[in-house]
Amino acid sequence: MVYQIYPRSFADSDGDGVGDLAGIESRLDYLADLGVDVIWLSPIYRSPQDDNGYDISDYRDIDPMFGTLADFDRLLAGVHDRGMKLIMDLVVNHTSDEHPWFVESRSSPDSPKRDWYWWRRGSGDGAPNNWGSIFSGSAWERDTTTGEYYLHLFTRKQPDLNWENPQVRQAVHELMNWWLDRGVDGFRMDVINLISKHAGLPDGTVHPGDLYGDGSPYYANGPRLHDFLREMDEAVFAGREAELLTVGETPGVSVDQARLLTDPRRRELDMVFQFEHVELDQGSGKWDVRPLELVDLKGNLAKWQYGLADVGWNSLYWNNHDQPRIVSRYGDEDFWYESATLLATVLHLHRGTPYVYQGEELGMTNYPFRDISEFRDVESLNHYRQAVAEQGLDPQSVMRSLRAMGRDNARTPMQWDDSPNAGFTTGTAWIAVNPNHTWINAASEIHDPGSVLAYYRRLIALRHDDPVLRDGEFELLLPDDPTIYAFTRTRPGSRLLVVANVSGESCTLPFEPEGDVVIANHLGPEGADLRPWEARVYRQEAGHG
Ligand code: NOJ
């Protein structure tokens, strides 16, 4: 089980309102008790923090806001002492515009690092092509030093590296080796499937209602992606004795592409984060929010289970620092405990490596945003500005989408206790604390056997103990049922049956489940009737109905 920490929101040791490495260190026992195997740290490198650290200006140093390299070494030792591992976020599709590589690159068309980034002359009096940035506006910024434009798929302070240049790739390999030599156990690779762009950078289609073209067919899963990853394996991972973990963030990836990326024989990545199941409540794009249909969700996850059953490996996640909180999104806050634990049950019973994002194990919810001034995230702020000022959309409807989908929902401080700053900081938190920390918090859940936290602990222990959970074959039952989520996991001699009622009304299973209940989120009678948001897992002899 991998636990993701978003360091700026996890635990603040020095009262400056921002989480830090010493804060994480002070909570390692909490993570070990939960059953964490691997910790993934969102970026802690030196950064101007335009995108909260996903804009790196020095890959070999810690941002002073988070601490020092000595703090890092202490943290890593503490992680290893407890039998856990630690992986770093590797953000190498782009750097910060304040990284010395870019500073040098932008200085002159003759700079030896000019070709390390994507510089192009404008076409006519505009950008080189029509691509929109993933964070609103054009993907090109005109630089006044030379009058040329540089490509930035994210903010203008995140220029894209040109991976076609072998020196760039070598520089990335060197920094990866530097961290592995320091003792880290692998990497989560940020938007790694965007590193190979199609030559020529052709215009993208402009979809109805959009201001810019969609360049993703020309920058996602590009022609040299697999070559670049295999070269990375040779230069960085091959020959290392330690067990390392790599997971690539790959928006827009298909099952077929994921099979190639995660086939161990190809030596590219251990697993990828696909996005399909967290886009099922969206229409034309992220901000076009629609209700989720359960049939779509279970059908989609089943497609990934079947698709990666014989080759490759799945990652399993509901949450991360970019996604709204799952209990508010696919669950029901009126059935807070039941829906948080049901969602955990179905996810963790699938085959693959489960990821838990900080606070998910407490059942943390979305924040009740009322006003745009409460948001901190550059994606949300840029979207609001573009949608309201440039496209003339109704501010209230834009706020509604931001409230549902905004990334700051995930980034409010970790809720440690019921004190005014939730035990996160003694100072003023950089982003508001969710007012529900008075009753959703670690201190109150830790000794309560009926808490969401206790349930996660039991679920994680079950995964550690049970081989059928690790490699049992997956089969979806009742695929067309609009409220029942049911499936089995089977290996020779043993089977688990999962049944869950994904609704606020009682329902009746079309069969009477047999076997012993190994975990369930309701106590009491176990017939064919399921109470609202009830989830149960039965152990059966393989062959049982
Ligand atoms: C994906 C990261 O998860 C997200 O937080 C970031 O803004 C973009 N990549 C750009 O690095």
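Which side chain has an N or O atom 2.9 Å from an oxygen atom of the ligand? I looked this up first and found that the side chain is that of H321. I note at the outset that the model is predicted.

**Entry: the ligand**

I listed the surroundings of the ligand and found 14 residues around it. The closest are D51, H94, D190, H321 and D322. I then looked up further polar atoms beside the ligand. In D51, a polar side-chain atom lies 2.5 Å from a ligand oxygen. For R188, an N or O atom of the side chain is 3.0 Å from an oxygen atom of the ligand. I also looked up the area of the ligand: taken alone it exposes 290 Å², and the protein buries 98% of that.

**Entry: helix α7**

I turned to α7, which runs over residues 225–237. The helix has 13 residues and reaches 17 Å from its first C-alpha to its last, close to the 18 Å expected. I recorded L225, H226, F228, L229, M232, D233, V236 and F237 as buried in α7. These buried residues line one face of the helix, because they fall within an arc of 160° when seen down its axis. In an α-helix there are 3.6 residues a turn, so residues three or four places apart point the same way.

I asked next what the buried residues of α7 pack against. Their partners are α5 (166–182), β9 (186–189), β10 (245–249) and α8 (255–262). Just after α7, I found G239 with a positive phi of about 85°.

**Entry: helix α8**

I followed the contact into α8, where V255, A258, L261 and T262 are buried. They sit on the same side of α8, because the arc they cover around the axis is only 120°. The buried residues of α8 pack against α7, and also against β11 (271–273) and α9 (294–307).

**Entry: D97**

I located D97 in the loop between β5 (85–90) and α4 (100–107). Is D97 buried or exposed? Its relative accessible area is 11%, and the cut-off for buried is under 20%, so I entered D97 as buried. The side chain of D97 makes a polar contact of 2.8 Å with that of K157. Leaving out residues up to four places away in sequence, I found that D97 touches F102, V103, R106, R156, K157 and P159.

**Entry: H348 and helix α16**

I placed H348 in helix α11, residues 336–349. H348 has 0% relative accessibility and therefore counts as buried. Its C-alpha lies 7.3 Å from that of L316, although the two are 32 residues apart along the chain. Beyond four places in sequence, H348 touches P354, V356, Y456, L459, I460, R463 and L469.

I then looked up α16, residues 452–465. This helix has 14 residues and reaches 20 Å, close to the 20 Å expected. Among the buried residues of α16 are Y456, L459, I460 and R463, and I had already listed these four as touching H348.

**Entry: R489**

I found R489 in strand β15, residues 484–491. R489 also counts as buried, at 0% relative accessibility. I asked which backbone oxygens the side chain of R489 reaches. One is that of L349, at 2.7 Å, and another is that of V468, at 3.2 Å. Finally, I noted that R489 and A542 are 53 residues apart in sequence and 9.5 Å apart in space, C-alpha to C-alpha.

Key
Residues are numbered from 1 along each chain as its sequence is written. This is a predicted model: local features need pLDDT of at least 70, side-chain atom pairs count only at pLDDT 80 or more; totals for chains, interfaces and linings use all residues. Side-chain values use heavy atoms; hydrogens and water are left out. Helices (H or I, at least four residues) and strands (E, at least two) are DSSP runs, numbered from the N terminus. The expected span of a helix is 1.5 Å times one less than its number of residues. Buried means under 20% relative accessible area, exposed over 50%, partly exposed in between (1.4 Å probe, protein chains only). The arc is that of the directions from the helix axis to the C-beta atoms. Contact means heavy atoms within 4.5 Å. A residue is near a molecule or strand if one of its heavy atoms lies within 4 Å of it. A polar contact is a pair of N or O atoms within 3.5 Å; within protein, one must be able to donate a hydrogen and the other to accept it, and residues adjacent in sequence count only if both atoms are side-chain atoms. Accessible areas come from the Shrake-Rupley method with a 1.4 Å probe; for residues, only the protein chains shown count as cover.
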